[in-house]
Amino acid sequence: MREDKLIRRIEQGDETAAEELVKKYYPEILKYCIWHAPNRTLAEDATQEVFMKAFNSRSKTNITNSNAWLYKIAYNHCLNKLKRKSIITFLPFKEDYKIEGENIEGYDFELNLILSKLKPKERALVVLRIIEDKDYADIASILGISQQAARKRFERVKEKILKIIEGRNKDGQ
């Protein structure tokens, strides 16, 4: 089913359409929220809050890309959580993240350390571009900026990461 029809059905109160949207995008949005939450439970809560905000949104008429729309809500929601300091930890980069009883082998602590030095908005950009493999059009839509600005910001973040790496190499770490 075309996504615009699915969104229209949701606007009309069709619970089946809402379930379809959740089923389709829940894993992606959860994965995104995991990068911003200190544990899976908080990430799951944030994901549910993202979908609640989406469904309670008054105007869905201009939505052409529900994926980008949901990521934009998740991006803003996670940033707000960070601003309120209810979620302050950035998790190590690992596909299937588990908290309790986790063996720490396999984590890329170097990458985590570098990314932890980025500002939340910079980190979100890196997660969207590299981890979620979003193109600049989707990133621009999610962040509410132009494609050119998304590309330029990503280039700046890459330069910042290179400087962090160079500084660590100079320090012998």
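How many residues apart in helix α1 are R8 and E11? They sit three residues apart, which puts about one helical turn between R8 and E11. The figures below start with the whole chain and then come back to this pair. Keep in mind that the model is predicted.

**Figure 1. The whole chain is built from eight helices and zero strands.** Follow the sequence from start to end and you get the pattern α-α-α-α-α-α-α-α. There are 173 residues in the protein chain, and 40% of them are buried. Now take the contacts between residues at least 6 apart in sequence: 61% of these join residues at least 24 apart. A search of the whole structure also turns up seven salt bridges, and the next views zoom in on some of them.

**Figure 2. R8 and E11 pair up within helix α1.** Side chains of opposite charge can pair when their charged atoms come close. Here the side chains of R8 and E11 form a salt bridge, with 3.5 Å from N to O. Helix α1 covers residues 3-11, and the two partners are about one helical turn apart in it. Are these partners buried or exposed? R8 has 25% relative accessibility, so R8 counts as partly exposed. E11 comes out at 32%, so E11 is partly exposed as well.

**Figure 3. R9 reaches from helix α1 to E20 in helix α2.** The closest N and O atoms of the R9 and E20 salt bridge are 3.4 Å apart. R9 belongs to α1 and E20 to α2 (residues 15-34), so this pair ties together parts that are 11 residues apart in sequence. E20 has a relative accessible area of 33%, so E20 is partly exposed.

**Figure 4. K158 and E155 share a salt bridge in helix α8.** Their side chains meet at 3.4 Å, N to O. Both residues lie in α8, which spans residues 147-170, and they are three residues apart, about one turn of the helix. K158 is partly exposed, with a relative accessible area of 37%, and E155 is partly exposed too, at 31% relative accessibility. Elsewhere, salt bridges that share partners join R9, D14 and E20 into one network.

**Figure 5. Helices α6 and α7 pack with their axes 10 Å apart.** Helix α6 takes in residues 120-131, helix α7 takes in residues 136-143, and the angle between them is about 150°. Angles over 145 degrees count as roughly antiparallel, so α6 and α7 are roughly antiparallel to each other. Their crossing is right-handed. So who touches whom? On the α6 side you'll find L125, L128 and R129, and they meet Y136, I139, I142 and L143 of α7. Sort the residues of this contact by type and you get six nonpolar, no polar and one charged.

**Figure 6. F154 is a buried residue of helix α8.** With 6% relative accessibility, F154 counts as buried. Which residues is F154 in contact with, leaving aside its neighbours within four places in sequence? They are L125, V126, R129, I130 and Y136. Take R129 from that list: F154 and R129 are 25 residues apart in sequence, and their C-alpha atoms are 8.2 Å apart in space. You may recognise L125, R129 and Y136 from the previous view, as they also take part in the contact of α6 with α7.

Definitions and conventions:
Residues numbered from 1 in each chain as written. Predicted model: local features only at pLDDT ≥ 70, side-chain atom pairs only at ≥ 80, totals over all residues. Heavy atoms only, no water. Axes fitted to C-alpha atoms, helices over the stretch in contact; angles between N-to-C directions. Helix = DSSP H or I, 4+ residues; strand = E, 2+ residues; numbered from the N terminus. Parallel < 35°, antiparallel > 145°, perpendicular 65-115°, else oblique. Left-handed = near helix turned anticlockwise from the far one by under 90°. Contact = heavy atoms within 4.5 Å. Nonpolar A, V, L, I, M, F, W, Y, C, P; charged D, E, K, R; others polar. Salt bridge = Lys/Arg side-chain N within 4 Å of Asp/Glu carboxyl O. Buried < 20%, exposed > 50% of the residue type's maximum accessible area, 1.4 Å probe, protein only.
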